[in-house]
Amino acid sequence: MANQTKKTLVIVTHPNLNSSRINKRLTEELLIHEEVTVHLLYEAYPDEQIDVEKERQLLENYDRIVLQFPFYWYSAPYLLKKWLDKVWGSGWAYGPGGNKLEGKELRLAISTGGVREAYQAGGFHQYSYSELLRPFQASANRVKMLYKPSFEISGVREVNDEALEKLAKKYAEFVTQPFLIVVES
Ligand SMILES: Cc1cc2nc3c(=O)[nH]c(=O)nc-3n(C[C@H](O)[C@H](O)[C@H](O)COP(=O)(O)O)c2cc1C
């Protein structure tokens, strides 16, 4: 793979993508882009037993990683935490000989029930997305990844079908054109 432009890997973590509205539509949109690999974590591991070696090999083939998930209790659904705990291990992601993620780009793509204005000091949720997503940023720093701006869809109940179509297109741009920053609610 040396000298070859590597593609983008999007890891979608949704415990029930079939009954999802937002993440399902975003995922469908990505599937039409050949340069993007979509990896559905819950679907790959219905028994939640993550194949660590397989995941590491997958990650090593990509320069850009996007973690896409619905915001659950101000974080990701739990299988993504398990994936981080198991896959980003010592000797591979950090520690002696652990440099396999170094220099790769990490981005997040989240959907939230709460509206954007609620995610600020004084707002209903009090904290901004950047503050709440800090563990991902700190983890990226720890393994020397380049943490980049996120894609956020806020107030999902207020997002009508027409708006969702536009957001899906913008999301595809966010994933396929990493230098273009699109953050929408
Ligand atoms: C278990 C659970 C926890 C949730 N926690 C939050 C939360 O902390 N903040 C928030 O804004 N929305 C929260 N929500 C709403 C989801 O983020 C929202 O339903 C999801 O983004 C919609 O995407 P989907 O259509 O792909 O499922 C939660 C939903 C569930 C089921």
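Is K24 buried, exposed or partly exposed? Select K24 in this predicted model and display its surface: with a relative accessible area of 31%, the residue is partly exposed, since buried would require under 20% and exposed over 50%. Its place is in helix α1, which spans residues 22-31.

Keep K24 selected and add L17 and N18, which are the residues that K24 contacts once its neighbours within four places in sequence are left aside. Then add V12 and draw the C-alpha to C-alpha distance to K24, which comes to 9.5 Å for two residues that stand twelve residues apart in sequence.

Next, move to the loop between β3 (64-70) and α4 (78-87), where Y74 is found. At 33% relative accessibility, Y74 counts as partly exposed, and together with Y72 and W73 this residue makes a nonpolar surface patch of about 410 Å². Colouring these three side chains on the surface will outline the patch.

From that loop, continue into α4 and select L79, L80, W83, L84 and V87, which are the buried residues of this helix. Looking along the axis, you will find them on the same side of α4, because they cover an arc of only 145° around it. The background is helical geometry: an α-helix has 3.6 residues a turn, so residues three or four places apart point the same way.

Finally, to see what covers the buried residues of α4, show the surrounding elements, which include the strands β1 (8-12) and β3 as well as the helices α2 (41-44), α3 (52-60) and α6 (134-142).

Methods
Residues are numbered from 1 along each chain as its sequence is written. This is a predicted model: local features need pLDDT of at least 70, side-chain atom pairs count only at pLDDT 80 or more; totals for chains, interfaces and linings use all residues. Side-chain values use heavy atoms; hydrogens and water are left out. Patches are made of residues with over 30% relative accessible area and no salt bridge: like charges are joined within 9 Å, nonpolar side chains (Val, Leu, Ile, Met, Phe, Trp, Tyr) within 5 Å. Accessible areas come from the Shrake-Rupley method with a 1.4 Å probe; for residues, only the protein chains shown count as cover. A salt bridge is a side-chain nitrogen of Lys or Arg within 4 Å of a carboxyl oxygen of Asp or Glu. Helices (H or I, at least four residues) and strands (E, at least two) are DSSP runs, numbered from the N terminus. Buried means under 20% relative accessible area, exposed over 50%, partly exposed in between (1.4 Å probe, protein chains only). The arc is that of the directions from the helix axis to the C-beta atoms. Contact means heavy atoms within 4.5 Å.
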